[in-house]
Amino acid sequence: MPRHRRGAGRFSRGQAGMSANKAAANKGPAKAIYRRVALIGIGLIGSSIARAARAARVAGHVACWSRSAATRGAARRLKICDSVHDTLAAAVKDADLVILCAPIGANADLAKAIGPALKAGATVSDVGSVKEAVLRDVGPHIPGGVHFIPGHPVAGTEHSGPEAGFAELFRQRWCILTPPKGADPAALARLADFWRALGSKVEIMDPAHHDRVLAVTSHLPHLLAYTIVGTVTDLEDHLRQEAADAGHVIGRSEVVKFSAGGFRDFTRIAASDPVMWRDVFLNNREAVLEMLGRFTEDLSALQRAIRWGEGDKLEALFRRTREIRRGVIEAGQAGTFKPTEEKKR
Ligand code: NAP
């Protein structure tokens, strides 16, 4: 499956890696929140945690594991962790905090494999974009005496892999923790401190509530982006075929040429990792279908307003949504869209 590993987010890969590594190398030991942190998966999110934790000096040692030799090799080359391990057991050995940073669909097997190697008193967490499924898949494999507190940093880019991570990814972004009933308050507070040290704002939430909120704020927008980009490219294929049949010269792709007309922002979202998003939809089925139902009704209402020339209805909605965008900017959650981005060669 193609993965967009190249090109970093707002910071170049070199910059981000350098700043985190330099900070880790140049400063002596600080008050680490965890003595040893193990990251299971070292892609965009795992490598950003490693970089941020080392930059903030909140982990005495950052260990990692990745499934493929290629990604483990990249993690070694980039020097984003203190140790890179070929086996899961070696990575989690003696760790005080273990964070699963792989696609949601991999969690059950990973949890089953690490369970016997976990240290008593350790905390296991994750970064998955769906939370009830993580409780279902990981919870049964966590041995007694080990804390289990799922989490979701609401931060990311459309890029994947260890090269794409950067230490500043979580700065001013929310991290939602969804502790199961009876979770140890001290373990929860410690994990919240860890995320705050990485720059996040922390919110505690019920997992089912998390899944409904994220279905509408993140999962549905991604689904729409995937759909729109698919529809537009299918349509262009048809138009080009029609033009070719009529004997016309076919020029440059109009999708690319006129993409500034709104389409390009969808293409950015639609470039997100296919495996990660497949797992999100398979594991948050009910909530996404509920939000999709509501969305379809609202879309039909707009369709009707356009058909009947009800401009006042359209304008009222567009005014409301413009206010929402302003609120997002004021809340410091707008992100950077780089409207003047350079043309890639
Ligand atoms: P990524 O860059 O693609 O990295 C994925 C990591 O998981 C890699 O180390 C990969 O190993 C490993 N992996 C993939 N499939 C696996 C499998 N079947 N078994 C074991 N390991 C596997 O992904 P990411 O963007 O960091 O996303 C990781 C998690 O973060 C996902 O659960 C996602 O829901 C969550 N998340 C992502 C974002 C975002 O914007 N990307 C935001 C918030 C949360 P190899 O490379 O060695 O194959």
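This passage walks through the confidence, the central sheet and the ligand surroundings of a predicted model.

Confidence is a good place to start. Across the chain the mean pLDDT is 88, with 87% of residues reaching 70 or more. Two stretches fall below 50 in pLDDT, one of them being residues 1-29, for which the model nevertheless contains 52 contacts beyond near neighbours in sequence. Residues 337-342 also have a pLDDT below 50, and here the model shows one contact beyond near neighbours in sequence.

Turning to the fold, six strands form an open sheet with parallel pairing, and their order reads β3-β2-β1-β4-β5-β6. The edges are taken by β3 (83-85) and β6 (147-148); each has a single partner strand, so one side of each lacks a neighbour in the sheet. At the β3 edge, strand β2 (residues 59-65) runs parallel to β3 and is joined to it by three bridges. Within this part of the sheet, Cys64 lies opposite Val84 of β3. Helix α5 (residues 107-114) packs on the sheet, where it touches β1 (34-40), β4 (97-100) and β5 (123-126). The direction of helix α5 makes an angle of about 155° with that of β4.

The ligand, finally, is surrounded by 25 residues, and the closest of these are Gly41, Gly43, Ser68, Thr71 and Gly156. Helix α2 (residues 44-56) supplies the largest share of this shell, namely three residues. Sorted by class, the shell around the ligand comprises 12 nonpolar and 11 polar residues, together with two charged ones.

Key. Residues are numbered from 1 along each chain as its sequence is written. This is a predicted model: local features need pLDDT of at least 70, side-chain atom pairs count only at pLDDT 80 or more; totals for chains, interfaces and linings use all residues. A residue is near a molecule or strand if its C-beta atom, placed from the backbone, lies within 6 Å of it. Helices (H or I, at least four residues) and strands (E, at least two) are DSSP runs, numbered from the N terminus. Ala, Val, Leu, Ile, Met, Phe, Trp, Tyr, Cys and Pro count as nonpolar, Asp, Glu, Lys and Arg as charged, and the others, Gly among them, as polar. Two strands pair if DSSP finds at least two bridges between them. Two residues are in contact if their C-beta atoms, placed from the backbone, lie within 7 Å. Axes are lines fitted to C-alpha atoms, for helices over the stretch in contact, and angles run from 0 to 180 degrees between N-to-C directions. pLDDT is the predictor's confidence in each residue, from 0 to 100.
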